[in-house]
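Biologist: Before we discuss details, could you put the sequence and the coordinates side by side? I would then like to go through a handful of residues with you, one question at a time.

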Amino acid sequence: MPWIHFHLGSKGQVNACCVSSIKYGNINNSTIHSIWNNEKINQVRSNFLKGKIDKRCAVCINLELSGAKSIRQETFEKFPNIDTTQINNPIYFDIRFSNVCNFRCRTCWHGASSKWFNEAKTLNTNRGNKAIIKNINDFNQFIEKNGQFLHQAQELYFAGGEPLVTEEHYLLLDYLITNKITNIKLRYNTNFSKLEFKNFKVIDYWKQFKSVEVLASIDESDKLGEYIRKELKWETFVSNRERIRTLSNVTFKISPTISVFNIETLPDFYRKCVALHLINKDDIYINILDRPHHYSAKVLSKLRKQTITKKYIKFMKWCNEHNISNGVKSQFNDCIKFMNEDDYHAKYGPIFISETKKLDEMRNEDYTTITTKQ
């Protein structure tokens, strides 16, 4: 990652990746060129070459220790034949323009969603005094100083906030199209609720690029899905899926975040998406949530974990009967390995109950009517 990847996140901070606390610099007072060649990133490269483990990479370390696949490992699979000695500039970009988002997902917060702001103020968890947190102070200045580096990009990853309701995302696509930088892969993590924003129509943009991968952030269907990801409308999600079905250059996958809320129902949700032809059998990309710990699947009681593990064993038999790939089965197995690795129940279980109750009261919802008690 330190040789190929450039992650731009909260308030312009450039980190080693989206889950690492390794900081390289800030794009609002530096350029991609200066950050890419500074002492901090070179020290990380030197340490990695020596095989040193950096504790600031705890997310990947913990996932791998639990037997689950990490972003580090996924990046090797994504770029299998890269000779880092021949790369002078980043080729894989993760650019997040702001926290602008139209959802209030249970496992999210104000730092990643502007829609969370009012509730965050009530809970005293807001990050700053404004709903929108901009990561790039001046988009035009950013492009003027750094646009040349995008000409060598192989992949651009857009997350949020919510990229499809972020104006700068469309302005960047305009820049790429104008400069004929369309022979690249665009990859999205999106709640997939809006295909039009202001005067922008994302389908018209996607038609102009070689490859587009849509990772739809959805954790469940119907009432439970709408409870976990507040503002989700299941019918709209299904309708939007139909609207892009004819785009041959677009790959569509569901990308659920596995938490205490949905680990038990995940196999059923996957089967439902396959049965409804929303996805092909291989089109799932699972994210496993570790933080905040009180929403992690590890917070479940031992009895619930045993019940869920048995359900997954039955699900694996179904997978074998229906020729589900080893790659998909491996992702589901990772969920169970992760859940059973640690016991968070005593320490974080009470926090889960209290935090859920607070939000339920604020949103006039009741978790116990949506699914079984934790």
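Modeller: Let us begin with proline 90, bearing in mind that this is a predicted model. Proline 90 has a relative accessible area of 0%, and because buried means under 20%, this residue counts as buried.

Biologist: Between which two elements is the place of proline 90, and which residues does proline 90 touch beyond its neighbours in sequence?

Modeller: Proline 90 sits in a loop, and that loop runs between α4 (71–78) and β4 (92–95). Its C-alpha atom is separated by 9.0 Å from that of glutamine 154, a residue 64 positions away along the chain. Leaving aside residues up to four places away in sequence, the residues that proline 90 touches are Ile4, Phe6, Ile32, Trp36 and Phe149.

Biologist: Is phenylalanine 332 buried or exposed, and which residues does phenylalanine 332 touch?

Modeller: Phenylalanine 332 belongs to helix α13 (residues 326–341), and its relative accessibility of 0% is why it counts as buried. The C-alpha atoms of phenylalanine 332 and alanine 68 are separated by 9.5 Å, although their positions lie 264 residues apart along the chain. With residues up to four places away in sequence not counted, phenylalanine 332 touches Leu266, Pro267, Tyr270, Ile284, Ile286, Tyr312, Phe315 and Met316.

Biologist: What is the radius of gyration of the protein, set against that of a compact globule?

Modeller: The protein has 15 helices and 14 strands, and its C-alpha atoms fill a box of roughly 55 × 50 × 50 Å along the principal axes. Buried residues make up 53% of the 374 residues, and of the contacts with a separation of 6 or more, 72% come from residues 24 or more positions apart. A compact globule with 374 residues would have a radius of gyration near 21 Å, so there is agreement with the value for the protein, 21 Å.

Biologist: Which residue does a cis peptide bond join to arginine 291, and where is that residue placed?

Modeller: The bond that follows arginine 291 has an omega of about -5° and is cis, its other partner being proline 292. The place of proline 292 is the loop between β14 (287–288) and α12 (302–321).

Biologist: What is the omega of the cis peptide bond from glycine 160 to glycine 161?

Modeller: Glycine 161 is found in the loop between β6 (155–158) and α7 (167–178). The peptide bond that reaches glycine 161 from glycine 160 is cis, and its omega is near 5°.

Biologist: Is lysine 198 buried or exposed?

Modeller: Lysine 198 lies in the loop between β8 (196–197) and β9 (200–201), and its phi is near 55°, a positive value in a residue other than glycine. Its relative accessible area is 58%, and because exposed means over 50%, lysine 198 is classed as exposed.

Biologist: How far from aspartate 283 is the nearest side chain of opposite charge?

Modeller: Aspartate 283 is placed in the loop between α11 (266–275) and β14, where it touches Phe252, Lys253 and Ile254, residues up to four places away in sequence not being counted. Aspartate 283 is buried yet has no salt bridge, the cut-off for one being a nitrogen to oxygen distance within 4 Å. The nearest side chain of opposite charge is that of lysine 253, at 5.1 Å.

Biologist: Which residue forms a salt bridge with glutamate 119?

Modeller: The closest N and O atoms of this pair are 2.9 Å apart, and the partner of glutamate 119 is arginine 363. Glutamate 119 lies in helix α5 (residues 117–123) and its partner in helix α14 (residues 345–363), so the bridge ties together parts that are 244 residues apart in sequence. Glutamate 119 is buried, and so is its partner, arginine 363.

Biologist: Which residue meets lysine 78 in a salt bridge?

Modeller: The N to O distance in this bridge is 3.5 Å, and the partner of lysine 78 is glutamate 155. The pair links distant parts of the chain, since lysine 78 is in helix α4 and its partner in strand β6, 77 residues apart. Lysine 78 is partly exposed at a relative accessible area of 30%, whereas a relative accessibility of 4% makes its partner buried, and that partner is glutamate 155.

Methods: Residues numbered from 1 in each chain as written. Predicted model: local features only at pLDDT ≥ 70, side-chain atom pairs only at ≥ 80, totals over all residues. Heavy atoms only, no water. Helix = DSSP H or I, 4+ residues; strand = E, 2+ residues; numbered from the N terminus. Rg over C-alpha atoms; globule rule 2.2 N^0.38 Å. Buried < 20%, exposed > 50% of the residue type's maximum accessible area, 1.4 Å probe, protein only. Contact = heavy atoms within 4.5 Å. Lys, Arg positive; Asp, Glu negative; His and termini not counted.
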